[in-house]
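Dear colleague,

I am passing on the structure we spoke about, with some notes on what turned up in it. Please have it open while you read.

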Amino acid sequence: MTDVLNPPAATLDAAQPAWGKYDQAAAPPHRSALFVPASNAAMLATAWVYGADLYMFDLEDAVALREKDSARLLAINALTSYPWRDMAVAVRVNGIDTPFFADDLQAVVRAGADMVRLPMTDSAELVHRLDAELTAIERACSRPVGSTKVIAAIESAAGVVNASAIALASPRVVAIALAGFDYLLDMGAEPTQDGSELFYARCAVLHAARAAGVWCYDVVWGDVDDEAGFRAEVELVKHLGFDGKTLVNPRQIPWLHEAYSPTAAELARAERVVRAAEAARDRGLGVIAVDGKMVDGPIVQAARRAIAYAAASGVREDR
Amino acid sequence: MDDIVITSWAPGSDPVDPVDQAVPAAVAGLLERAGLGLEADVEVWALARRDGRLVGCMGLAGDLVKDVVVDQGLRGHNLMAGLLTELRHQAVARGRTRLSCYTRPSLAAVFASLGFRALAQADGLAVLMEDDPRGVERYQADLAASRREGERIAAVVLNANPFSLGHQHLLRLAARDCDLVHVFVLGEDRSQFSPAERFALVRDGLAALPEHDRFVLHPGSRYIVSRLTFPQYFLKDQADIARAHAGIDLQLFRQRVAPVLGIRHRFVGSEPTSRITAHYNQEMRRWLQSPQADWPTIEVHQVERLEVGGRPVSATRVRQALAAGRFDQLAELVPATTWDYLVRRPPRAEPAPLGPPAPPRRQGGRSQPPDDHRQAKELSC
Amino acid sequence: MLISRPAVAGTLESGDATVRITPHDSLEVVVTSSVEAQYGDAVRRVVRQTLEGLGVARALVTVTDKGALDYALRARVEAAVMRAGDEPVDWDVLIGGER
């Protein structure tokens, strides 16, 4: 499997949970995390061409009870085969208290899944349990301990309240993802046009992610035909600071990526920032300057991200 | 198939929610719009819904796929594939691994794309298909194990519901005329007597005959089609149904069964009363005796019915006498082996005969051991 | 692995395969494929290799292939075999070694 999650410079250090845990500017973008039903052979055969930043094989909601076993087998056969074995793939397993969880975990860790997405992560304690299980399986199959990463899905009021502890619960946690459907049920909230019912959860989860130095994915946008609604929501969450969104339909990938792409002017500015940073480094200067103004670390990182987005999806029209 | 939901529904199961409660009417409506009726023998339905509306259905009766309706507007959605996948799960859960279907020739290509293979087609009316690509060959290999050589090899196909002197008469005439007679007892389970009972009665009736070593007995198979199980749902006209059944059954016999055993003669009783059977016998000449490049002709021999008391002996007459408890009349219509069995037989669907009659011994024959009934049940047909 | 009951796995969607398995006195594999001309033999090979890997020596295996990739075929055969037998899944056997 590729090592996008562990660029050579990165070190795993639970004591230092910061942006440095993964050099996010050096990693490929994590805008789009697309669910692919693991029961669907046809989708597995073609989904890799859609250009999502991350694919998540789904063993949970998208799979009927009767097909839990066959979806698991299809997922692991796909994970170990071209082209998936050369791509970063997460697998959404069934919940930790379901009868499918143990086999799901055994199968996908052994098959080399890069990440496990845990549904209904309500507390850090669940992450600890998952961590211990992963360690045991990794040992049993001679996979490096700690190499299976975790995306914790936050789907309840408790999960939102505990988001920070969850994000910090294990160095395996590389991302947290807000899942809206169950959260709204739990809250007794109802969807609104502007998404105000998700406002607190988005902010809370995002703060937890940023403080822990992990990626953060926003909720699924259900109505595939409502392109305008999707784009408006993407603008909102992008400005809040989300890395991207969980998706269930590949049609939304280009819309999402376009929103995250810089304009030509933004790209030019980002390139100047990065050139200046590299020049300063080469000359051993402690201060980076662009147009006579001092530029600090986060701006350089943002510039690197913009360049990476442009490299992945080009630039967007200035609007 | 994003927005299409495939489920199943077994008639008679308790409807759990309002959607389920509406299913019977919805299925009936869908079938009616397609010019079909809700058939009572369907055990389970695969259903396709879109936005809560029923857009497709497919029924399972035994190992037959039937009553297939798919919304014309949704042809591109591969509804048939989804329905069949669901129905296969239902079939396997009931221990059935091979499915077959009779369908309009226009749907044969769709079924072929789903793994079905056409076995026989009749006059553009109906195609018999099955989803086991080597099923016929396996059956033929089994059949070949009972092949015996001979100059004149004949076949008789009967339901024997139950085995009567009429059947015995027909079989003896065939045995006198030929070296070998292959006897096929239909395997359908819709008659008063079960397939195992009917098979055992024929077996025991033949064992008592002097020509017994000329008979080779075969249980029914899916390749010998009883009219009782021939589905009629997509054919409206009774004459079409009769033609379709005869065409498919007789082609299977000529092409798949007869060559394996070297059968070149088929014996059949004359049919003075039933128009349908008379028609079938007529069709027999057409399908078996017409020259075909790949398949040898099979000569049809129609034998006059045995008469008792001035009337032909038929299984119907036997069952009437049995229902009336007239064991004295029965003794004139069935061989001793059958009579012994009927006397001891626990009642199946009809009221028990009144009082035990005195056993007649008009015909010499061995009497059944008391546990023969159980043995017969264990025979798989 | 002993096949003790009939089982089915997979679908008839394009890119998938339906695998049916029943107890049988020998190993018989029957394949019909929508891509028979180009890939029929490859499909049969993958099915047989998968059965061999699982130690299935006696079964009638009927495959209706709709253009499934090799890994999907393997997965469908494995699922059918698991459903038809009584042995728990040994993930070491299933995932061990080069695929």
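The notes below take up the contact between chain C and chain A, and then the two domains of chain A.

Please keep in mind that this is a predicted model. Where chain C meets chain A, the contact draws on 18 residues from chain C and 24 residues from chain A, and the two chains bury about 1,700 Å² between them, with 59% of that area on carbon and sulfur atoms. On the side of chain C, Tyr71(C), Trp91(C) and Ile95(C) lose the most area to chain A, and together they account for 41% of what that side buries.

Two salt bridges are found across this interface of chain C and chain A; in a salt bridge between Arg83(C) and Asp69(A), the side chains come to 2.7 Å, N to O. There are also 10 residue pairs in polar contact between chain C and chain A. Of the side of chain C that touches chain A, the largest share, nine residues, comes from α2(C), and by class that side holds nine nonpolar, two polar and seven charged residues.

Within chain A, the domain assignment gives domain 1 (19-260) and domain 2 (264-313), whose contact takes seven residues from domain 1 of chain A and six residues from domain 2 of chain A. These two domains of chain A bury about 700 Å² between them, 59% of it on carbon and sulfur atoms. Between them the count is zero salt bridges and one residue pair in polar contact, while the side of domain 1 of chain A that touches domain 2 of chain A consists of four nonpolar, one polar and two charged residues.

With best wishes

Technical notes
Residues are numbered from 1 along each chain as its sequence is written. Chains are lettered from A and ligands numbered from 1 in the order in which they are written. This is a predicted model: local features need pLDDT of at least 70, side-chain atom pairs count only at pLDDT 80 or more; totals for chains, interfaces and linings use all residues. Side-chain values use heavy atoms; hydrogens and water are left out. Domain bounds come from an automatic or database domain assignment. Contact means heavy atoms within 4.5 Å. Buried area is the accessible area (1.4 Å probe) that two parts lose on being put together, summed over both. A salt bridge is a side-chain nitrogen of Lys or Arg within 4 Å of a carboxyl oxygen of Asp or Glu. A polar contact is a pair of N or O atoms within 3.5 Å; within protein, one must be able to donate a hydrogen and the other to accept it, and residues adjacent in sequence count only if both atoms are side-chain atoms. Ala, Val, Leu, Ile, Met, Phe, Trp, Tyr, Cys and Pro count as nonpolar, Asp, Glu, Lys and Arg as charged, and the others, Gly among them, as polar. Helices (H or I, at least four residues) and strands (E, at least two) are DSSP runs, numbered from the N terminus.
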